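Reader: I would like a close look at a single part of this model. Please keep it brisk.

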Amino acid sequence: MNFIENVNNSFHLIKQNKIRSFLTMLGIIIGIASVIMIISVGNGAQSLIFNQIKSQGSNLMAIFPGSTDKEGPPASVMGIVITTLKYDDVKALYDQSRIPEITAYTGYVRGSETAVWQGNKTDTTFIGVSSYLPTVEDTDTQIGNFFTEEEEKSMQKVAVLGSDTWKNLFGDQNPVGELVKIGKQSFRVIGVMRERGTSGFSNQDNQIYIPITVGQKLMLGINHLSYARLKVSDENKLDLVREEVKQILRDRHDILPGQPDDFDVRTQKESLDVLLQITNALKFFLAAIAGLALVVGGIGIMNIMLVSVQERIREIGLRKAVGAKNRQIMIQFLIETIVLTSIAGIVGILFGVLVSFLVAVVANALGYKWEFSISFFSIFLGVFVSSVIGLIFGLIPARRASKLDPIDALRYE
Amino acid sequence: MSNAIIKIENLKKQYENEEVVTPVLFGLDFVIKKGEFVAIMGPSGSGKSTLMHILGFLDKLSTGKYLFEDVDVSGLDDEQLAEMRGHKIGFVFQSFNLLPRTSVLENVMLPLVYTKLSQAERVEKAKKAIEAVGLTHRINNLSNQLSGGEKQRVAIARALVNDPSVIFADEPTGNLDSKSGLQIMKILQELNLKQGHTIILVTHEKYTAEHAERIIKMRDGLIESDEAVKNRLIAERVGELK
């Protein structure tokens with residue numbers, strides 16, 4: 001019996017026992033589908049985050065309050081509030097005489113509030129930033145203007161709306177000059193940002209930008225920053241600039257030599273690397289758990305194949321009586337298992353791809369720029385793993401079948 | 001080359017199980033010639049099945065000599081035994097042993113699956129064997145759609161398909177009603193008389209055994225008698241009388 005005949009024979013048997021075959025394959029189907037799905041959805045989520053961050057340019061530098069070890073994320077990202085970083089620190093860094101490479105800066109403070117205009121309400125995030133934000137984040141207004149340094153300094157209650165916030169409150173009407181209530185304060189709208197999409201998991205279009213001074217004093221009652229960003233003119237001088245920034249901040253914070261920094265300066269690339277590490281760890285951890293399902297599925301297949309050998313003892317005896325060699329019986333059962341797991345693998349791949357695709361469609365419908373990608377690696381992994389599972393877990397049943405004594409097998413009741 | 005197809009000399013068989021040795025065959029000698037129809041008869045426990053298994057290459061002898069077509073086959077290993085079964089022997093079993101839910105054609109083709117013949121050659125040979133047992137009209141039926149007699153005829157076709165030197169029939173009528181049983185005996189006799197097949201029939205029934213031309217009677221692992229049948233029953237004639 002050659003390979004193709006064995007495969008045909010296996011299909012014949014699978015057709016004869018449709019329900020049993022399906023249930024047997026289910027474990028592998030779910031396992032493979034999960035692995036594919038997790039890798040695809042993981043890649044989609046990663047690309048979503050990274051594309052947004054990258055779109056803001058690679059010559060950005062971020063300053064986080066609190067010291068952190070290099071490998072981990074900044075403490076402030078972990079939800080710890082540290083109040084040591086002030087807006088004056090950031091303004092001092094912009095002192096052209098000391099670091100001419102810094103072309104723009106902004107601090108960030110933020111809070112959630114309901115914005116109201118003439119009875120229209122929308123839940124939104126207000127962000128206190130400096131007048132340089134459009135330069136730092138490489139964006140612009142589509143209607144009106146961003147606020148100026150003067151407006152920021154004199155604590156004008158002016159607001160620039162994100163494009164979604166604008167539509168939620170005003171429809172298509174020009175909002176410039178209108179008064180919008182954010183929480184208890186009234187702001188005069190002076191502009192609308194162009195559409196920006198999502199960054200990480202926050203929708204940048206459903207935000208309202210206000211002068212940082214107003215955000216700190218009137219809205220939040222604080223005088224520290226969540227974090228700050230600097231734009232550096234020359235990407236190659238990032239390391240140099242970082243050292244300068246560190247020195248200035250240490251001086252301003254009266255940190256003695258030998259004491260650790262109470263802040264953390266990171267370039268965009270470093271932030272990306274940390275993020276990549278975290279998300280990769282998460283992705284592979286999840287994929288490993290899904291991989292466990294494959295092992296369980298493999299054991300299920302082995303179990304059924306052992307039952308199948310037991311049920312077909314007389315058939316095995318007959319095959320031997322008409323001239324089948326032990327090796328041929330072994331190959332027959334091995335191929336049967338591999339065909340079973342390979343079909344399961346293919347169904348699993350299709351299923352996994354389908355679900356990944358649906359996730360991408362839903363994510364895009366929700367406004368995230370989600371890239372649907374199925375890596376060749378995960379397909380290869382699916383096919384390879386399912387065949388290897390067939391080979392490994394098929395071995396014991398196949399060996400048992402091949403070792404049967406033909407006389408005993410023929411007499412088996 | 002002599003016309004002896006099977007020749008055994010002082011053939012002995014014992015089963016060894018841990019420390020217990022159970023002798024089953026105590027030294028048998030006989031010759032079966034090409035074209036003979038021999039019945040091996042005896043009560044259960046007489047060793048007739050063990051003898052058939054050894055002659056049919058399903059089991060190995062312990063001591064003695066077994067010449068098959070003048071070649072000493074006493075010391076063959078598992079692989080060689082399988083080779084002999086596949087090319088030289090056809091088996092018909094009491095309980096048919098057809099593959100379930102599989103067509104007549106595929107059942108008959110089963111022994112050829114383990115040969116190097118092409119698919120077309122296999123189908124051709126199987127069709128010929130099916131024709132020989134008169135089941136051409138059932139060729140695409142599944143095995144579970146057949147009557148007992150038809151199942152055994154498929155089994156005979158399967159035994160014929162590889163052009164064996166010897167056909168072993170182990171209680172072929174044991175699971176059949178007397179009419180179907182006669183039909184099977186008729187086919188076996190035709191294969192022997194008209195086509196010259198060598199047939200070894202294993203049975204405990206005297207009536208069935210008398211369809212052969214020679215009966216080897218066994219008792220307690222020894223040959224009790226070995227003689228020609230005086231009034232051989234011809235299945236066709238007996239069938240007509242009924």
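Reader: Across the interface of chain A and chain B, how many residue pairs are in polar contact? Please take me through that interface, then through the sheets of chain B.

Author: The model is predicted. Across the interface of chain A and chain B, seven residue pairs are in polar contact, with both residues of each pair at pLDDT 80 or more. On the side of chain A that touches chain B, four elements give two or more residues each: α1 (3–16), α10 (313–321), α11 (326–365) and α13 (406–411) of chain A. The largest share comes from α10(A), with six residues. By class, this side of chain A has nine nonpolar, seven polar and eight charged residues.

Now the contact as a whole. Chain A puts in 24 residues and chain B puts in 25 residues. The size of an interface is often given as the accessible area lost when the parts come together. Here the area buried between chain A and chain B is about 2100 Å². Carbon and sulfur atoms give 55% of that area. Charge pairing also appears: the count between the two chains is three salt bridges. One salt bridge links B:R122 with A:E5. Their closest N and O atoms are 2.3 Å apart.

Next, the sheets of chain B. One is an open sheet of four strands, in the order β2-β1-β4-β5 (chain B). Its pairing is antiparallel. The edges are β2 (20–33) and β5 (71–72) of chain B. Each has a single partner strand, so one side of each is left without a neighbour in the sheet. Strand β1 (residues 4–17) of chain B is joined to β2(B) by 11 bridges. Within this pair, B:I6 has B:I32 of β2(B) as its bridge partner. Helix α1 (residues 48–55) of chain B packs on the sheet. This helix, α1(B), touches β1, β2 and β4 (63–68) of chain B, and its direction makes about 120° with that of β1(B).

Another open sheet has six strands, in the order β6-β7-β8-β3-β9-β10 (chain B). Here the pairing is mixed. The edge strands are β6 (89–92) and β10 (222–228) of chain B, and each pairs on one side only. From one strand to the next, the twist averages 15°. At the β10(B) edge, six bridges join that strand to β9 (residues 214–219) of chain B. The two run antiparallel. B:K217 stands opposite B:S225 in β10(B). Towards the β6(B) edge, helix α2 (residues 78–88) of chain B lies across β6 and β7 (166–170) of chain B. The helix α2(B) runs at about 80° to β6(B).

How values were computed. Residues numbered from 1 in each chain as written. Chains lettered and ligands numbered in written order. Predicted model: local features only at pLDDT ≥ 70, side-chain atom pairs only at ≥ 80, totals over all residues. Heavy atoms only, no water. Pairing = 2+ DSSP bridges. Axes fitted to C-alpha atoms, helices over the stretch in contact; angles between N-to-C directions. Contact = heavy atoms within 4.5 Å. Buried area = accessible area lost by both parts, 1.4 Å probe. Salt bridge = Lys/Arg side-chain N within 4 Å of Asp/Glu carboxyl O. Polar contact = N/O pair within 3.5 Å; in protein donor to acceptor, adjacent residues only side chain to side chain. Nonpolar A, V, L, I, M, F, W, Y, C, P; charged D, E, K, R; others polar.
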